[in-house]
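Visitor: I've got a model open and I'd like to learn how to read it. Could you walk me through a few features?

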Amino acid sequence: MAFDIVARSWKILENDLTRKKCLDVYEEAKGRTDHMIAEKRKKLKKEGRSFEQIPEDDPAKYKHAIYVMVMKLFADMERRRQKLDQRDQEERKRKRETEIEEEERIKADREWQQNFEESRQSRVNSWHDFQSGAGKSKKTKKQKHMTGMMVPPKFKPESR
C-alpha cells in the first residue's frame with residue numbers, strides 16, 4: 001500500500017508537467033503562508049505588541065505552516081476534481097436516459113405505424129360498406145323530411 005503511494009508520487013514528479021503543477025501549488029502555499037504571517041504581524045503592530053514573536057518565526061513551524069497550506073490546496077484541488085467528475089458522470093447518465101427515451105419513442109412510433117398499416121384494409125372495407133348501402137337509407141329519410149313543409153312540434157299536455 002505505502003509502496004503504491006510512493007510509486008504513484010514518483011510517477012507524478014517524474015512527469016515535467018505535473019511536477020511543475022506541484023511546484024506551482026507549493027509556491028502558492030508559500031505565498032499564502034507569507035501573507036498570513038504578514039497579516040499576523042500587522043495585527044500585532046496595530047495592537048501595540050510588535051515586539052512579540054509569532055509562532056511561524058521558528059523555521060520548523062514555518063515549514064509546518066507551509067506544509068499545512070500545501071495539503072489544504074491539494075485537498076481543495078481534489079475536491080474540485082471529484083465534483084467535476086461527479087457532474088460529468090451525471091451529465092453522461094442524463095444523456096443516456098435521453099437516448100433511451102428517444103429510442104423507446106421511435107420504437108413506439110414504428111409500432112403504431114405498423115399497426116396503422118395492418119389495419120388499413122379493414123378501415124377501407126368498413127368505409128366501402130358504409131358507402132355502398134347502410135348510409136343511403138338514412139339519407140333518403142332525411143331528404144323526404146327536408147323537402148316537406150315544416151312540421152310544428154307535437155303538443156304535450158301540461159302535467160301538475
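Guide: Sure, let's go through helix packing, an aromatic pair and a few single residues. Keep in mind that this is a predicted model.

Visitor: How are two packed helices described?

Guide: In general, you give the angle between the axes and the distance between the axes. Here, take helix α2, residues 16-46, and helix α3, residues 59-118: they pack at an angle of about 125°, and their axes are 8 Å apart. That angle makes α2 oblique to α3.

Visitor: Is the crossing of α2 and α3 right-handed or left-handed?

Guide: Right-handed.

Visitor: Which residues in α2 meet which in α3?

Guide: On the α2 side you'll find C22, V25, Y26, E28, A29, K30, R32, T33, D34 and I37. Their partners in α3 are Y62, A65, I66, M69, V70, L73, F74 and M77. Sorted by class, this α2 and α3 contact has 13 nonpolar residues, 4 charged and 1 polar.

Visitor: What about the loop between α2 and α3, where E56 is found? Is E56 buried or exposed?

Guide: E56 has 13% relative accessibility, and the cut-off for buried is under 20%, so E56 counts as buried. If you leave aside neighbours within four places in sequence, E56 is in contact with M36, I37, K40, K61, Y62 and A65. Some names come back here: I37, Y62 and A65 also belong to the α2 and α3 contact.

Visitor: On to aromatics. How is a pair of rings described?

Guide: The general recipe is the distance of the centres plus the angle of the planes. Searching the whole structure turns up 2 aromatic pairs. One to look at is W112 with F116: the ring centres are 5.2 Å apart and the planes sit at 15°, so this pair is stacked.

Visitor: Where do W112 and F116 lie?

Guide: Both are in helix α3, 4 residues apart, which is about one turn of the helix.

Visitor: And how exposed are W112 and F116?

Guide: W112 counts as exposed because its relative accessibility is 54%. F116, at 31%, counts as partly exposed.

Visitor: One last thing: how far apart are E101 and M71 in sequence and in space?

Guide: They are 30 residues apart in sequence, and C-alpha to C-alpha they are 45 Å apart in space. E101 lies in helix α3, and with 54% relative accessibility E101 counts as exposed.

Key. Residues are numbered from 1 along each chain as its sequence is written. This is a predicted model: local features need pLDDT of at least 70, side-chain atom pairs count only at pLDDT 80 or more; totals for chains, interfaces and linings use all residues. Side-chain values use heavy atoms; hydrogens and water are left out. Axes are lines fitted to C-alpha atoms, for helices over the stretch in contact, and angles run from 0 to 180 degrees between N-to-C directions. Helices (H or I, at least four residues) and strands (E, at least two) are DSSP runs, numbered from the N terminus. Angles under 35 degrees count as roughly parallel, over 145 as roughly antiparallel, 65 to 115 as roughly perpendicular and the rest as oblique. A crossing is left-handed if the near helix is turned anticlockwise from the far one by less than a right angle, and right-handed if clockwise. Contact means heavy atoms within 4.5 Å. Ala, Val, Leu, Ile, Met, Phe, Trp, Tyr, Cys and Pro count as nonpolar, Asp, Glu, Lys and Arg as charged, and the others, Gly among them, as polar. Rings of Phe, Tyr and Trp (its six-membered ring) pair if their centres lie within 6.5 Å; planes under 30 degrees apart count as stacked, over 60 as edge-to-face and the rest as tilted. Buried means under 20% relative accessible area, exposed over 50%, partly exposed in between (1.4 Å probe, protein chains only).
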